[in-house]
Amino acid sequence: EIYLNGMTGAVPRLPTDLTRLEELAELRLAPGPVGYVAGSAGDGSTARANRAALARHRIVPRMLRDVGERDLSTEVLGRSLPAPLALAPVGVLQIMHPDAERAAARAAAAQGVPYILSSASSTPMEQVAEAMGDAERWFQLYWGKDREVTRSFLGRAKAAGFSVLVVTLDTQLLAWRPRDLDQAYLPFVHGVGTANYFTDPAFRAGLARPVEEDPNAAVLHFLGLFGDPGKSWPDLAFLREHWDGPIVLKGVLHPDDARLAADAGMDGVVVSNHGGRQVAGSVAAADALPRVAAAVGDRLTVLFDSGVRTGDDVFKALALGARAVLLGRPYVYGLGLDGQAGVEHVIRCLLAEFDLTLALSGHTRPGSVSATALAPDPTD
Ligand code: FNR
């Protein structure tokens, strides 16, 4: 389609090499917001390791395998998805574009890709749900200190048609992020990313004075309860009790944690280091993936994120044991640079490139991609 449009002189508004979106965002968007999105923990070593680990793995294409007809659809947690892809939960999207989560959610819906709404959404979850019609939507929980707020979030998410619960485990404290520290920039401090909380009856009930009268106190209250480093595995029983759909734990890197997730009655894990934003010096997500998949691949749905930028990254993640991948920063840059159209551009480029990688490597469907599609890992 892009080549054919080129015959009439029409070139894409954004680059088709999605690794270039970050540099474009750095040039065109305000330093505070772009620093928040692009920034990582510590010296950025984990984010770099995520890319390096994916790059280290190499595909060994097979020839003459009749790849004329292909089908990207994939079953994930009992749902048939058009491709092994979902948009990762990213909070505070208002810093990127005034249409924020609604634009990202509409783009996902238009492409049939599940949208995972962050707890730290700058738009109340009901409004995002309304923008999506009956499209597939999952809810990400920041599992904080206030049980009543958690219970209320789960009830609201269920009522608004969110079907899968994604519980993020790696952010019970915000990490050391120099780009934000150096600019004294944290969106939450400006009340951005708090709308889900500020509209929540249980959250409002915990305030000494109404949000409208004292918004700064409400922001401080939010900062005090959104994470809870005191949580441990037995606490998951509360979530299992209050959510009857699938539950996926996001931020699992150790095979033993994946086994504990299975023992706790969870349905899946996302192998993720939060895009390198939490533990500087952490194992690359792609290096953790095969070990987690070997430990629990037969008991849990294994998803993957952190560092996915290209179609071959998606292919490699499947080969390393993931059922599907979540995409983070690239769609956020697409949103910042061109709103809903920018997010759609990113999804379509990624899936088109993945389809070509699949075909050119001798495969017709995601399910046939396994470790044998990769060259031996030189570090093994
Ligand atoms: C995130 N991520 C995230 N995760 C989550 O569970 N809830 C959230 O609210 C957020 N917020 C958020 C904001 C920003 C600006 C970024 C970049 C990331 C993490 C996200 O879901 C995902 O794990 C990573 O973005 C994946 O890595 P890549 O694709 O960005 O390399």
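A residue counts as buried here if 20 or more other C-beta atoms lie within 10 Å of its own, and as exposed if 12 or fewer do. Keep that cut-off handy for the exercises below, and remember that this is a predicted model.

**Exercise 1. Decide whether H274 is buried or exposed, and find what surrounds it.**

Step 1: Start with the place in the fold. H274 sits in the loop between β8 and α14.

Step 2: Count the neighbours. H274 has 25 other C-beta atoms within 10 Å, so this residue is buried.

Step 3: List the contacts. Setting aside neighbours within four places in sequence, H274 is in contact with D170, T171, G251 and S306.

Step 4: Check the record. The UniProt annotation "active site", from an unreviewed entry, covers H274. Such annotations may be inferred rather than shown by experiment.

**Exercise 2. Work out how helix α14 is built and what its buried residues pack against.**

Step 1: Take the length. Helix α14 covers residues 285-296, which makes 12 residues.

Step 2: Compare the reach with the expected value. From first C-alpha to last, α14 reaches 16 Å, close to the 16 Å expected at 1.5 Å a residue.

Step 3: See how covered the helix is. In α14, 10 of the 12 residues are buried, so "mostly covered" is a fair label by the cut-off above. Among the buried ones are D287, L289, P290 and V292, along with several alanines, including A285 and A286.

Step 4: Find the partners. The buried residues of α14 pack against the helices α4 (45-56), α13 (255-263) and α15 (311-319), and also against the strands β7 (247-252), β8 (268-271) and β9 (301-304).

**Exercise 3. Zoom in on V296: which residues does V296 touch?**

Step 1: Locate V296. This residue lies in helix α14.

Step 2: Apply the cut-off. V296 has 24 other C-beta atoms within 10 Å, which means it is buried.

Step 3: Read off the contacts. Not counting residues up to four places away in sequence, V296 touches A258, R259, A262 and V302.

Step 4: Look at one of these pairs. V296 and A262 are 34 residues apart in sequence, yet 7.4 Å apart in space, C-alpha to C-alpha.

**Exercise 4. Two non-glycine residues, V92 and A100, have a positive phi; say where each one sits and whether it is buried or exposed.**

Step 1: Take V92. Its phi is about 50°, and its place is in the loop between β3 (85-87) and α5 (100-111). V92 has 24 other C-beta atoms within 10 Å, so the verdict is buried.

Step 2: Take A100. Its phi is about 40°, and this residue lies in helix α5. A100 has 24 C-beta neighbours inside 10 Å, so it counts as buried too.

**Exercise 5. Judge why the overall size of the protein chain agrees with a compact globule, and how confident the predictor is.**

Step 1: Compare the radii. A compact globule of 380 residues would have a radius of gyration near 21 Å, and the chain has 20 Å, so the two agree.

Step 2: Add the dimensions and contents. The C-alpha trace spans about 70 × 50 × 40 Å along its principal axes, and the chain holds 16 helices and 10 strands. Of the 380 residues, 50% count as buried.

Step 3: Check the confidence. The mean pLDDT is 97, and 100% of the residues reach 70 or more. Among the elements, helix α1 (residues 2-6) has the lowest mean, 90, while β8 has the highest, 99.

Note on methods: Residues are numbered from 1 along each chain as its sequence is written. This is a predicted model: local features need pLDDT of at least 70, side-chain atom pairs count only at pLDDT 80 or more; totals for chains, interfaces and linings use all residues. Helices (H or I, at least four residues) and strands (E, at least two) are DSSP runs, numbered from the N terminus. The expected span of a helix is 1.5 Å times one less than its number of residues. Two residues are in contact if their C-beta atoms, placed from the backbone, lie within 7 Å. The radius of gyration is taken over C-alpha atoms; the globule rule is 2.2 Å times the number of residues to the power 0.38. pLDDT is the predictor's confidence in each residue, from 0 to 100.
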